[in-house]
Amino acid sequence: MCCGGRCCVSMTQCFFDYSTSKVLVIRSKSVGTLNRFCQAVVLAYIIGYVCVLKKGYQDTDTVISSVTTKVKGIALTNTSDLGLRIWDVADYVIPPQVASRREEAKVQARVLCPLGPSSTNPGPGSTCTSGRDCKRGFHDSRQNGVQTGRCIQFSVTEKTCEVLAWCPLEKGNDPPDPPLLAEAMNFTVLIKNSIRYPKFNFNKRNILPHVNSSYLSQCVFNRTTDPDCPIFRLGDIASEAGEDFQTMAVHGGVMGVQILWDCNLDMPESWCMPTYTFRRLDNKDPDNNVAPGYNIRFAKYYKNGGKESRNLVKGYGIRFEIMVFGKAGKFNIVPTLLNIGAGLALLGLVCRAFWILKLYD
């Protein structure tokens, strides 16, 4: 119990008191050496790892990015079915992939025709002996049309169910090797990449300020001679990924282009540069070669004698997946104080541990 002003005076004195911990000096060479060594390790961790390597004095932001591509190149072919033909961008670019080989079917129309055999068109009703084996109105996503319920001759030795479809049906032939557009390895792709770090209001493009139209019209990316050029030769992309372009072009594939923007915004803006790496993304396991590579089908429609017809094109090619990663850092007093405080607390913990160790020795 306290009475009147005496209690208030006592509480005021306690509030304004300041106490210090007792200092204990331990005179031991072994303990002192170990103590200084541990302090040096903690300081090296704080200065070397936290501050220098991990840049603990910086605030960070992740990249926001947009990418567009443009392929250029011309190829000349001379085949028995197409004759002498020149291929330009409109013929082989199906965004975002480049066709290295095309199989163009005969003119197709919506008529009745026999379904292909089970080897190329799996599913019920692909082969039959009579109409009882065919189901009227049946259709399967793996087949090419809707069954009419009739069993008709497909070849001299085989009968299949009749279907209403785009006929003649596509045949599952083995791809030709070498690919039709073998010159595609010399095609080039322009990659235009814009990035933004919104926290720091920082924007930049991979077409750098010193790159002009004249340079862009003739440069090709080379890590030694032209590292700033955003135009890449397809053969070089495959080579850097450890792939042979001509082998990959037969069945097609998926190629990853990785662009890394790691920027220290405490340094000049010109130091913030993109780094490119390339790798193949699709599976090429020789022991698991079912449905290898990459292909796409598309059609060109037109009127033929009043009937709607189309040319079906099956293209094998290289699909580009462009992935942008990045992190930017800039000095900020808040993370700096937090990391320094954490480091001093760790240093104090080491000192306290040695004091307790000697106390109980």
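**Exercise 1. Decide how E321 sits at the surface of this predicted model, then find its charged partner.**

Solution. Start with accessibility: E321 has a relative accessible area of 30%. Buried means under 20% and exposed means over 50%, so E321 falls in the partly exposed class. Next, look for a side-chain nitrogen close to the carboxyl group of E321. You will find R319, which forms a salt bridge with E321, the closest N and O atoms being 2.8 Å apart. Finally, check the partner: R319, at 23% relative accessibility, is partly exposed too.

**Exercise 2. Work out which residues are joined into one network by salt bridges that share partners.**

Solution. Begin with the general idea: side chains can pair if they carry opposite charge and their charged atoms come close. The structure holds eight salt bridges. Take the one between E243 and R280, where the N to O distance is 3.3 Å. E243 lies in the loop between α5 (234-240) and α6 (245-251), and R280 in strand β13 (residues 275-280), so this pair ties together parts that are 37 residues apart in sequence. E243 counts as buried, because its relative accessibility is 14%. Now follow the shared partners: E243, R280 and D282 belong to one network.

**Exercise 3. Trace the salt bridge of R110 and E308 and say which strands it links.**

Solution. First, the contact itself: the side chains of R110 and E308 meet at 2.6 Å, N to O. Then place each end: R110 is in strand β6 and E308 in strand β15 (residues 307-331), so the two are far apart along the chain, with their positions 198 residues apart. To finish, consider cover: E308 is partly exposed, with a relative accessible area of 32%.

**Exercise 4. Compare the handedness of three disulfides, and place their cysteines.**

Solution. A search of the whole structure gives five disulfides; here are three of them.

- Step 1: C113 is joined to C167, with an S to S distance of 1.9 Å. The torsion about the S-S bond is -65°, and this link is left-handed. C113 belongs to strand β6 (residues 97-114) and C167 to strand β8 (residues 159-167), so parts 54 residues apart in sequence are tied together. C113 and C167 are both buried.
- Step 2: C128 and C151 have sulfur atoms 2.0 Å apart. Their S-S torsion is about 95°, so this disulfide is right-handed. C128 sits in the loop between β6 and β7 (145-153), while C151 is in strand β7, 23 residues apart. C128 is buried at 9% relative accessible area, and C151 is buried at 17%.
- Step 3: C263 and C272 bring their sulfur atoms to 1.8 Å. With 45° about the S-S bond, their link is right-handed. C263 and C272 are both buried.

**Exercise 5. Locate a cis peptide bond and two positive phi angles outside glycine.**

Solution. Go back to C167 from the previous exercise: a cis peptide bond joins C167 and P168, with omega about 0°. P168 is in the loop between β8 and β9 (188-197). For the phi angles, take K55, with a positive value of about 50°. K55 lies in the loop between α2 (29-53) and β1 (58-62) and is partly exposed at 29% relative accessibility. Then take N201, whose phi is near 55°. N201 is in the loop between β9 and β10 (202-205) and counts as exposed, at 56% relative accessibility.

**Exercise 6. Describe the nonpolar patch and the positive patch on the surface.**

Solution. Take the nonpolar patch to begin with: Y45, Y49, L53, L346 and L349 make up about 500 Å². Assign the residues to elements: α2 and α7 (333-359) each give two or more residues, and α2 gives the most, with three. L53 is in helix α2 and is exposed, at 58% relative accessible area. Now turn to charge: K70, K72, K192 and R205 form a positive surface patch. One of these, K70, is in strand β2 (residues 64-72). K70 has 45% relative accessibility and therefore counts as partly exposed.

Technical notes
Residues numbered from 1 in each chain as written. Predicted model: local features only at pLDDT ≥ 70, side-chain atom pairs only at ≥ 80, totals over all residues. Heavy atoms only, no water. Patch = residues over 30% accessible without salt bridge, like charges linked within 9 Å, V, L, I, M, F, W, Y side chains within 5 Å. Areas by Shrake-Rupley, 256 points an atom, 1.4 Å probe, with all protein chains shown as cover. Salt bridge = Lys/Arg side-chain N within 4 Å of Asp/Glu carboxyl O. Lys, Arg positive; Asp, Glu negative; His and termini not counted. Charge placed at Lys NZ, Arg CZ, Asp CG, Glu CD. Helix = DSSP H or I, 4+ residues; strand = E, 2+ residues; numbered from the N terminus. Buried < 20%, exposed > 50% of the residue type's maximum accessible area, 1.4 Å probe, protein only. Disulfide = S-S within 2.5 Å.
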